[in-house]
Amino acid sequence: MLNRRDFVSALGSGAAFLGAGGRDHLRELLDELGRFTGTPEEIARDERYWFAVQQAFTVDRSLINLNNGGVSPAPAIVQDAMKRHLDFSNQAPVYTMWRVLEPQRETVRGALARMFGCDAEEVAMTRGASESLQICQSGFDLRRGDEVITTTQDYPRMITTWQQRERREGIVLKQIQIPVPAEDPREVVRRFEAAITPRTRLIHMCHMINLTGQILPVRDVVRMARRHGIPVIVDGAHAFAHFPFTHADLECDYYSSSLHKWLYAPHGTGLLYVRRELIQALWPLQAAAESMDANIRKFEEIGTHPAANYLAVAEAAAFTNGIGLANKAARLIHLRDRWANALRRLDRVRLHTSLRPGLSCGLALVQIEGIDPGKLYEHLWARHRIITTPIKTPEMEGVRVTPNVYTTLDEIDVFTRAMERVAREGLPAA
Ligand SMILES: Cc1ncc(COP(=O)(O)O)c(C=O)c1O
């Protein structure tokens, strides 16, 4: 793990696009920040600290990107590392990429394992949560009539994957509803348990729901399911590197995440955790030799693939470790509370995300009653160059707001004022 001083000097080199004078100034500032100490909540409010973090990114400030949940920009040090590895790969890929760079992937596996709190032999690197989850979803032998429980708020592609198994093999997908927001963890567990029958073979659940940012009680569901002998596949696409936790907080057997969301890793990178003794029984998505049956690397047998993307995950991990996950989460909560507390006072505004500690972090869903989310999204973009995510399901609607560590308070305030105006006056006539 990098200490704060290493981190700020890494930020300094990442800010090389500044002119020499600006660079010196930034370096002085970074040195000062390197001496900064405080609780996560204090650091979250220190704009000097976050100024340095903001400069680590190369984002376009002519727009306000409040959809970092979809996919995040990577900091300059991550982009640079990826380009460096890519250039080297292209010198003679059969040698430089396969023989020199590919083995270095093991270091990255170790870094991810330390972040997740597991053994490196339990971590596979994939191309994203979709791939990691589909390895789990397709890797279990299921028979006609076997049941899988998930929720109506799980990710559409993952639902589609189960539905394909329904059409192909006659398994049965049961989608339960959970409250929006779900403020009582016991009720969530109760609803999962109520759906279990003698034919239930698997539970598939989100750690953080992408629609609302709701954090679900994974460990409680896992413990309950274990009593019934049912494994739980956890979709952590939005949770890993977003807020602090390790495997010990979840106790799950299968965990999947994208790394291009909250870890800020290169696009097209993901993580799959499988408990060591269960690796053997889970089929890989692409075939692997029998000799690899108990080897986590069987899930990485995907043919020729770039080394650069995976190696630059190491810089992304160092970046997040350098900020500190607790500081990062506190900052994301600080940004969320700044807009959410201003807006929720207004009559027509409904927040579909609980702001209670532990139930959400940087991602939240807000509705202005009577305003179509698609039209609101279009208005925010056309008038203010603000990007949000419109959401409309039978259970909730609104725009999803996901700032990032590079988001400034001013950008949050522009969004807040734009929303206040719509809540008071409605959308302007086209
Ligand atoms: C909850 C959830 N699961 C899975 C995915 C799939 O992630 P990816 O597209 O990065 O593979 C997403 C993407 O947004 C998601 O929000």
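User: Which residue has its charged end over the ring of Tyr264?

Analyst: Quick background first: this is a predicted model, where local features need pLDDT of at least 70, side-chain atom pairs count only at pLDDT 80 or more, and totals for chains, interfaces and linings use all residues. Residues are numbered from 1 along each chain as its sequence is written, and side-chain values use heavy atoms, with hydrogens and water left out. A charge sits over a ring if NZ of Lys or CZ of Arg is within 6 Å of the ring centre and within 35 degrees of the ring normal. At 4.0 Å from the centre of the Tyr264 ring, the residue is Lys328.

User: What kind of aromatic pair do Phe57 and Tyr264 form?

Analyst: Rings of Phe, Tyr and Trp (its six-membered ring) pair if their centres lie within 6.5 Å; planes under 30 degrees apart are stacked, over 60 edge-to-face, and the rest tilted. That rule gives 13 aromatic pairs. With 5.7 Å centre to centre and 75° between the planes, Phe57 and Tyr264 are edge-to-face.

User: How many residues apart are Phe57 and Tyr264?

Analyst: Phe57 is in the loop between helix 4 (47–55) and strand 1 (64–65), while Tyr264 is in the loop between strand 7 (254–258) and strand 8 (270–274). Helices (H or I, at least four residues) and strands (E, at least two) are DSSP runs, numbered from the N terminus. The pair links distant parts of the chain, and the separation is 207 residues.

User: Is Tyr264 buried or exposed?

Analyst: Buried means under 20% relative accessible area, exposed over 50%, and partly exposed in between (1.4 Å probe, protein chains only). Phe57 comes in at 4% and is buried. Tyr264 has a relative accessible area of 0%, so the word for it is buried.

User: Which ligand atom lies 2.6 Å from a polar side-chain atom of Asp235?

Analyst: Polar contacts here are pairs of N or O atoms within 3.5 Å; within protein, one must be able to donate a hydrogen and the other to accept it, and residues adjacent in sequence count only if both atoms are side-chain atoms. An oxygen atom of the ligand is 2.7 Å from an N or O atom in the side chain of Ser130, and a ligand oxygen is 3.3 Å from a polar backbone atom of Ala129. For Asp235, the partner is a nitrogen atom.

User: What share of the ligand's exposed area does the protein bury?

Analyst: Areas come from the Shrake-Rupley method with a 1.4 Å probe; for residues, only the protein chains shown count as cover. Taken alone, the ligand exposes 390 Å², and the buried share is 89%.
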